Amino acid sequence: MRGILVFDGRCGVCTRAVNALARWDRTGMLSIEPMQAPGMAERLGVTDDRMLKSAWWVDSSGAIYDGAHAMNAALAAALGTRIPLQLYRIPGVGAVQDAVYRWISTHRYRFPGAVPLCEAQPERCA
């Protein structure tokens, strides 16, 4: 499952999470891009306001997921196994992951993290 994880490049927690995913990538099928990259909202077909609410996954078939579903898809691509997506689809598990993801996403600027990508590599962000 090849795809692109689109994340908030101005968020240190988000940058730390995608850096971990990049280290775990055994397959080379995971691409990571900041949502602040020029034209990203149009590419995904979402508004700027909606874009900032979660991470996004675009797989090779063109399917788009957000939030916990997107993170599970990215982890599945990095590890080369569909297990994270299968776990997400177990009744109740996805709902819990979604609730935890929404809480973390809402409070993400309060947590310590890595240097945000948009500060470390401003050329990748608009």
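E33 is partly exposed, with a relative accessible area of 22%. Keep in mind that this is a predicted model. The cut-off for buried is under 20%, so at 22% E33 does not count as buried.

What does E33 form with R43? A salt bridge, in which the closest N and O atoms are 3.2 Å apart. R43 lies in helix α2, residues 40–44, and E33 in strand β2, so the salt bridge ties together parts that are 10 residues apart in sequence.

E33 also has a partner across the strands: V6 stands opposite E33 in β2. That takes us to strand β1. Strand β1, residues 3–7, and strand β2, residues 30–34, run parallel and are joined by 5 bridges. To get from β1 to β2 the chain passes through helix α1, residues 12–24, and this β-α-β crossover is right-handed.

Strand β1 pairs with β3 as well. Strand β3 covers residues 56–59, runs antiparallel to β1, and is joined to β1 by 4 bridges. Here the bridge partner of V6 is W56.

Is β1 enclosed or open? Of its 5 residues, 5 are buried, so β1 is largely enclosed by the rest of the structure. Both faces are covered: on one side G3, L5 and F7 are buried, and on the other I4 and V6.

Now the other salt bridge; the count is 2. The side chains of R108 and D8 meet at 3.1 Å, N to O. This pair links distant parts of the chain, 100 residues apart: R108 is in the loop between α6 and α7, and D8 in the loop between β1 and α1. Both residues are buried, R108 at 8% relative accessibility and D8 at 3%.

Last, the surface. Which residues make the nonpolar patch? V96, V100, W103, I104 and F111 do, and the patch is about 460 Å². V96 is found in helix α6, residues 93–106. With a relative accessible area of 53%, V96 is exposed. W103, at 48%, counts as partly exposed, and F111 is partly exposed too, at 35%.

Two of these patch residues bring up aromatic pairs. A pair of aromatic rings is described by the distance of the centres and the angle of the planes. The count in this model is 1 aromatic pair. The pair is W103 and F111, 5.8 Å centre to centre, with 55° between the planes, and it is tilted. Edge-to-face would need over 60 degrees, so 55° falls short of that label.

Methods:
Residues are numbered from 1 along each chain as its sequence is written. This is a predicted model: local features need pLDDT of at least 70, side-chain atom pairs count only at pLDDT 80 or more; totals for chains, interfaces and linings use all residues. Side-chain values use heavy atoms; hydrogens and water are left out. Patches are made of residues with over 30% relative accessible area and no salt bridge: like charges are joined within 9 Å, nonpolar side chains (Val, Leu, Ile, Met, Phe, Trp, Tyr) within 5 Å. Accessible areas come from the Shrake-Rupley method with a 1.4 Å probe; for residues, only the protein chains shown count as cover. A salt bridge is a side-chain nitrogen of Lys or Arg within 4 Å of a carboxyl oxygen of Asp or Glu. Helices (H or I, at least four residues) and strands (E, at least two) are DSSP runs, numbered from the N terminus. Buried means under 20% relative accessible area, exposed over 50%, partly exposed in between (1.4 Å probe, protein chains only). Two strands pair if DSSP finds at least two bridges between them. A crossover is right-handed if, with the strands pointing away from the viewer, the path from the first strand over the helix to the second runs clockwise. Rings of Phe, Tyr and Trp (its six-membered ring) pair if their centres lie within 6.5 Å; planes under 30 degrees apart count as stacked, over 60 as edge-to-face and the rest as tilted.
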